[in-house]
Each structure stands twice: as structure tokens, then as C-alpha cells.
Amino acid sequence: MTRTTAREIAMHLIYEMEYHDELPEELFQKVFQEDYYPRLAEETDLYQEKPNAKQLAYIEDCVRGVYVKKQEIDQIIETYAVGWKVSRISKVSLAVLRLAIYEILYVEDAPTGAVINEAVELTKKYGADEDYQFVNGLLGAVAREQGLDTEPVESEEQ
């Protein structure tokens with residue numbers, strides 16, 4: 001499993017956490033149960049391979065981090081989403097944005113260009129038609145404000 005796949009699983013969990021108002025620990029207990037995870041694999045190839053310890057730690061760090069930093073991250077989103085309130089942004093785009101902003105600001109070994117590129121791809125895969133442009137623009141603005149390199153980087157292996 002690559003970090004790309006771990007990132008996509010983290011996005012699913014962040015989405016589910018918001019949609020069902022669940023705590024990170026509740027999600028981890030449910031999703032990574034021995035009998036639950038194989039059922040997810042029947043629905044999508046994303047869950048064919050269970051995360052190893054390093055990938056699971058990455059997923060858990062991102063999901064917990066988004067949960068803990070949610071207010072701060074949402075304030076950043078509202079700052080750069082000119083004319084938009086967080087409540088107007090689709091839940092999918094919001095989950096992608098929260099994850100990507102958390103990674104940009106708090107995950108030292110996550111290249112900003114890869115984070116943005118994969119956030120755009122996740123939004124194309126799960127979001128509405130043009131949402132990826134909004135996500136790309138917002139994340140680019142956040143990264144530039146932080147003085148970070150936004151050049152695309154190949155997906156990271158983990």
C-alpha cells in the first residue's frame with residue numbers, strides 16, 4: 001500500500017467522522033476490525049490490502065490531527081474560500097481540504113506538491129464536477145502563504 005492509498009483511506013474516515021459525528025477512536029475500532037475490513041474490500045479495491053503499521057499510524061495521525069485541529073483548519077478554509085462558509089462546501093471537498101491542510105501544516109515528510117496533487121485527484125474521484133478547481137486553488141493559496149513549494153511530486157511510497 002502506498003501513502004496515496006493511506007491518504008485516500010484517511011479521507012474516507014474524515015468524511016465519515018463528519019457525516020456520522022463519530023470520534024476517531026470509534027472509527028478506528030469499527031473500520032479496522034478483523035471482520036469489518038474484509039467487507040469494505042468487497043465494496044472497493046481501496047481496501048483490498050490492510051495497512052501495515054506505518055501506514056496505519058499515518059492514517060490515524062491524519063484523522064486524529066484533523067479532529068483536534070478542525071476549528072483551526074476550518075478557519076483557514078474560510079480565510080481562503082472567499083465568499084464561502086465551511087457549511088456551504090460539500091462534505092467530500094471539505095474532507096479533502098481538511099486532510100490536505102493538516103498534511104501541509106503538520107506532516108513534515110509530506111511534500112506539499114504531492115499533497116495538493118492527490119487532493120485534486122481525490123476531489124475529481126469523489127467530488128462534484130468542478131470542485132477540484134476550488135480545492136486546487138484554495139490549497140495553492142494556503143501553500144504559497146506558508147512559503148511552501150507546490151511543484152507536483154510523484155506519489156510517495158510508504
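A nonpolar core is a set of buried Ala, Val, Leu, Ile, Met, Phe, Trp, Tyr and Cys residues joined through side-chain atoms within 4.5 Å. The structure discussed here is a predicted model.

## The core

The largest nonpolar core has 48 residues. Within this core, Ile9, Leu13, Ile77 and Leu139 touch the most other members. At least two core residues come from each of H1, H2, H3, H4, H5, H6, H7 and H8. H6 gives the most, with 9 residues. As background, nonpolar side chains in soluble globular proteins tend to be buried together.

Ile77 deserves a separate look. Its neighbours within four places in sequence are set aside here. Ile77 then contacts Val86, Ile89, Leu94, Leu97, Arg98, Ile101 and Leu138.

## Helices against the core

Ile77 is also one of the buried residues of H5. The others are Ile73, Asp74 and Ile76. Viewed down the axis of H5, these buried residues fall within an arc of 155 degrees, so they line one face of the helix. Their cover includes H4, H6 and H8.

H2 covers residues 24-31. Its buried residues are Pro24, Leu27, Phe28 and Val31. Down the H2 axis they fall within an arc of 100 degrees, so they too line one face of their helix. They pack against H1, H3 and H4.

H7 runs over residues 112-126. How far apart should the ends of H7 be, at 1.5 Å a residue? The 15 residues should span 21 Å, and the end C-alpha atoms are 21 Å apart, which agrees. Buried in H7 are Thr112, Gly113, Ala114, Val115, Ile116, Glu118, Ala119, Val120, Leu122 and Thr123. The packing partners of these buried residues are H1 (3-20), H6 (91-106) and H8 (131-145).

## Buried positions and C-alpha separations

Gln55 lies in H4. Glu103 is placed in H6. Ala6 belongs to H1. Buried means under 20% relative accessible area. Gln55, at 2%, therefore counts as buried. Glu103 also counts as buried, at 1%. Ala6 is at 0% and counts as buried.

The table pairs each of these residues with a second one.

| Residue | Partner | Distance along the chain | C-alpha separation |
|---|---|---|---|
| Gln55 | Ile116 | 61 residues | 19 Å |
| Glu103 | Ile116 | 13 residues | 9.6 Å |
| Ala6 | Cys62 | 56 residues | 9.8 Å |

Which residues does Glu103 contact, leaving aside its neighbours within four places in sequence? They are Arg7, Tyr58, Cys62, Ala110 and Val115. Val115 is itself among the buried residues of H7. Cys62 is the partner of Ala6 in the table.

## Aromatic rings

A pair of aromatic rings is described by the distance of the centres and the angle of the planes. The model has 5 aromatic pairs. One of them joins Phe32 and Tyr37. The two ring centres lie 5.8 Å apart, with 20 degrees between the planes. Planes under 30 degrees apart count as stacked, so the Phe32 and Tyr37 pair is stacked.

Are the two partners buried or exposed? Phe32 has a relative accessible area of 14% and is buried. Tyr37, at 2%, counts as buried as well. Ring pairs link Phe32 and Tyr37 with Tyr47 into a cluster.

## Charges over rings

Two charged side chains are placed over aromatic rings. The charged end of Arg88 sits over the ring of Trp84, 4.1 Å from its centre. Lys124 lies over the face of Tyr132, and the ring centre is 4.9 Å away. 

## A loop residue with positive phi

Asp21 sits in the loop between H1 and H2. Its phi is positive, about 55 degrees, although Asp21 is not a glycine. Is Asp21 buried or exposed? Asp21 is exposed, with a relative accessible area of 70%.

Definitions and conventions
Residues are numbered from 1 along each chain as its sequence is written. This is a predicted model: local features need pLDDT of at least 70, side-chain atom pairs count only at pLDDT 80 or more; totals for chains, interfaces and linings use all residues. Side-chain values use heavy atoms; hydrogens and water are left out. Helices (H or I, at least four residues) and strands (E, at least two) are DSSP runs, numbered from the N terminus. The expected span of a helix is 1.5 Å times one less than its number of residues. Buried means under 20% relative accessible area, exposed over 50%, partly exposed in between (1.4 Å probe, protein chains only). Contact means heavy atoms within 4.5 Å. The arc is that of the directions from the helix axis to the C-beta atoms. Rings of Phe, Tyr and Trp (its six-membered ring) pair if their centres lie within 6.5 Å; planes under 30 degrees apart count as stacked, over 60 as edge-to-face and the rest as tilted. A charge sits over a ring if NZ of Lys or CZ of Arg is within 6 Å of the ring centre and within 35 degrees of the ring normal.
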